[in-house]
Amino acid sequence: MDRLQMDRSALGASVLLGVVWAVWHLPLFFVEGSFQREFVGFATRGFWLFMIGIVALSVIFTWVYNHTSRSILGIIILHGWVNFVSNTVEVADEYYYPAWVLTAVLITVIWGAKTLRKTGDVPRPLLPTDTSRG
């Protein structure tokens, strides 16, 4: 295994992906009619909570991904649920986004930063040529 891959933890990869994901959402703060522009606003306290919340949510998504045998469907459903809740349930930003941060911290403490799993092994789907497993 490549040394670079061995030095990366699931937590580190999740945080890096979360920062990229937050930047991905940045243009929405300038699109008229979007949730980010109309309800959050650019450079507001809600904006910063939203950006931090996305990074925390990335950790949670990684945990779900690693605990569902790397199921993309699980992540799609979770992402849809998060979007649905944030658009239909009125919760103050000061409670909503810190809840994601607290959940990410608890996941990291309970399951560990290396793989975000109790075991050090992250499940991988079987390949058609893999006869050693299964």
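Let me start with the aromatic pairs, of which this predicted model holds 12. One of them joins Trp-63 and Trp-111, whose ring centres lie 4.9 Å apart with the planes at 55°, so the pair is classed as tilted. Trp-63 belongs to helix H4 and Trp-111 to helix H6, so this contact ties together parts of the chain that are 48 residues apart in sequence. As for their surroundings, Trp-63 is partly exposed at 22% relative accessibility, and Trp-111 is likewise partly exposed, with a relative accessible area of 25%.

Staying with the rings for a moment, which residues do ring pairs link into a cluster? The members are Phe-29, Phe-30, Phe-42, Phe-47, Trp-48, Phe-50, Trp-81, Tyr-96, Tyr-97 and Trp-100.

Now to the charged side chains. In general, side chains of opposite charge can pair when their charged atoms come close. How many salt bridges does the count come to here? The count is 1, and the partners are Arg-45 and Glu-94, with their closest N and O atoms 2.6 Å apart. Arg-45 sits in helix H4, which covers residues 45–67, while Glu-94 sits in helix H6, residues 93–111, so the salt bridge ties together parts that are 49 residues apart in sequence.

Are the two partners buried or exposed? Arg-45 is exposed, its relative accessible area being 59%, whereas Glu-94, at 35% relative accessibility, counts as partly exposed.

To bring the two topics together, helices H4 and H6 are tied by the tryptophan pair, Trp-63 with Trp-111, and also by the salt bridge from Arg-45 to Glu-94.

Note on methods. Residues numbered from 1 in each chain as written. Predicted model: local features only at pLDDT ≥ 70, side-chain atom pairs only at ≥ 80, totals over all residues. Heavy atoms only, no water. Salt bridge = Lys/Arg side-chain N within 4 Å of Asp/Glu carboxyl O. Helix = DSSP H or I, 4+ residues; strand = E, 2+ residues; numbered from the N terminus. Buried < 20%, exposed > 50% of the residue type's maximum accessible area, 1.4 Å probe, protein only. Phe/Tyr/Trp six-rings, centres within 6.5 Å; stacked < 30°, edge-to-face > 60°.
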